[in-house]
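Here are some notes from my pass through the model. Have it open as you read and check each point against the coordinates.

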Amino acid sequence: MRVDGRPYRTIWPAEDGRSVDIIDQTKLPHRFEIVRLQNLSEAAHAIREMLVRGAPLIGVTGAYGLVLALKDDPSDAGLDSARALLLATRPTAVNLAWALDSVAAELRPLNTSDRADAAFRIAARIADEDVSTCRAIGAHGARLIQDAYAANGRRRAVNVLTHCNAGWLATVDWGTALAPVYVAHDSGIPVHVWVDETRPRNQGASLTAWELLQHGVPHTVIADNVGGHLMQHGQVDLCLVGSDRTTATGDVCNKIGTYLKALAAHDNGVPFYACVPSTTIDWSLSDGVRDIPIEQRDGREVSEISGMGADGKVATVRLMPAGSPVANYAFDVTPARLVTGIVTERGIAGASRAGLAELFPEMRRSP
Ligand code: MRU
């Protein structure tokens, strides 16, 4: 996608041929800064502290993290310890484990002297595959927007509500939940996005709004509590969200607050779709509420907030009494019964074991 008219991905090999460049998402929307990752600990830091975030991008950064680690230590022990360090950075997004295991499985049979170069090629391939996967999700999901436009008699823009950031910043390019929006917008279908601010980290207000603005997509940022009211008044045609882990049965784990939006959508007959690359599906799980580990993050994400003051300086302020305890759950699980469908790179599946298995028969397992 474009930033000030110039095409970017969220992660790319650096010009020095030894490092990896990323966009530092902690600085957005106020500053656009590129950071160079030169070793394993910098890659782990970037994932843990959310310089990069979003399940697909976390996976690709993990793959490049192994590349950086193997430059220093290509042995089996080096590979194992780098994998363990990276895996521990963020527990909920399953793409990380998938990417690390994919790279490690291809490297293990190789001579240690060949591993660093091979890891680089594998990570680049995984990044390219992520782009084509997200582009395909965009093409399939855009049909939903097109159908909603036809259903309103082509009289007004289609209103999409999204939560968190599942745009190109959460992937290598295109995004998951926002890919259908970009495809529809680029093909001339009028679309407007309600952007949940997404407390506590405000990925909606700071990242989704920024990237929609960069691409020229009409949008409005709303407080997290507003969606139900809009749905009651017919102002949402479609909810599109991403996922950090989806079970083989169609339970969708995503940013905290997604479940409440799904409940409101269900109560108001608003279609609710999750846009999910197959690398986000954990085929080993059948009960998302019971089995998906929910990351709990630093309480300061709740008790404090950052923003730009009138003087142009970014500052952090406390929102609550210093002595009040806080809890900071980062994700929740929306049960499959509340999910209208799952948009994947192979098409739109029913949110069920049978629905997903129909599109991915090679992953079919007995219940
Ligand atoms: O904590 P984050 O910002 O890494 O979480 C990302 C999300 O939960 C997004 O909503 C997204 O849907 C998942 S990645 C496309």
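1. Start at the end of the chain I found easiest to follow. E17 and E18 form a hairpin, with 2 residues between the strands. They run antiparallel and are joined by 3 bridges; valine 343 sits opposite isoleucine 348 in E18. Keep in mind that this is a predicted model.

2. E17 (residues 341–344) also pairs with E12 (residues 272–275), and here the two strands run parallel, again through 3 bridges. One pair to look up is alanine 274 with its bridge partner in E17, isoleucine 342.

3. Which way do the residues of E17 point? Gly341 and Val343 face one way, while Ile342 and Thr344 face the other. Both sets are buried.

4. Next, the small open sheet: 3 strands in the order E3-E4-E5, with antiparallel pairing. Its edge strands are E3 (11–13) and E5 (34–37), each of which pairs on one side only. From one strand to the next the twist averages 25 degrees.

5. Within that sheet, E4 (residues 20–23) and E5 run antiparallel and share 4 bridges. Isoleucine 22 has valine 35 in E5 as its bridge partner. Helix H2 packs on the sheet and touches E3, E4 and E5, its direction making about 25 degrees with that of E3.

6. H2 (residues 55–72) also has a helix to lean on. Its axis comes within 8 Å of that of H5 (residues 112–151), and the two cross at roughly 170 degrees. With the antiparallel cut-off at over 145 degrees, that makes H2 roughly antiparallel to H5.

7. What does the contact of H2 with H5 consist of? From H2 come Pro56, Val60, Ala63, Tyr64, Val67, Leu70 and Lys71; they meet a set in H5 that includes Arg115, Ala119, Phe120, Ile126 and Asp130. By type, the residues of this contact divide into 13 nonpolar, no polar and 3 charged.

8. Helix H7 (residues 203–215) passes a quick geometry check: at 1.5 Å a residue, its 13 residues should span 18 Å, and the end C-alpha atoms are 17 Å apart, which agrees. Just after H7, glycine 216 takes a positive phi of about 80 degrees.

9. Finally, what surrounds H7? Its buried residues, among them Leu207, Trp210, Glu211 and Leu212, pack against strands E1 (2–3), E6 (158–162), E7 (191–196), E8 (219–222) and E11 (252–255), as well as helix H6 (179–186).

Definitions and conventions:
Residues numbered from 1 in each chain as written. Predicted model: local features only at pLDDT ≥ 70, side-chain atom pairs only at ≥ 80, totals over all residues. Heavy atoms only, no water. Axes fitted to C-alpha atoms, helices over the stretch in contact; angles between N-to-C directions. Parallel < 35°, antiparallel > 145°, perpendicular 65-115°, else oblique. Contact = heavy atoms within 4.5 Å. Nonpolar A, V, L, I, M, F, W, Y, C, P; charged D, E, K, R; others polar. Expected span 1.5 Å × (residues − 1). Buried < 20%, exposed > 50% of the residue type's maximum accessible area, 1.4 Å probe, protein only. Pairing = 2+ DSSP bridges.
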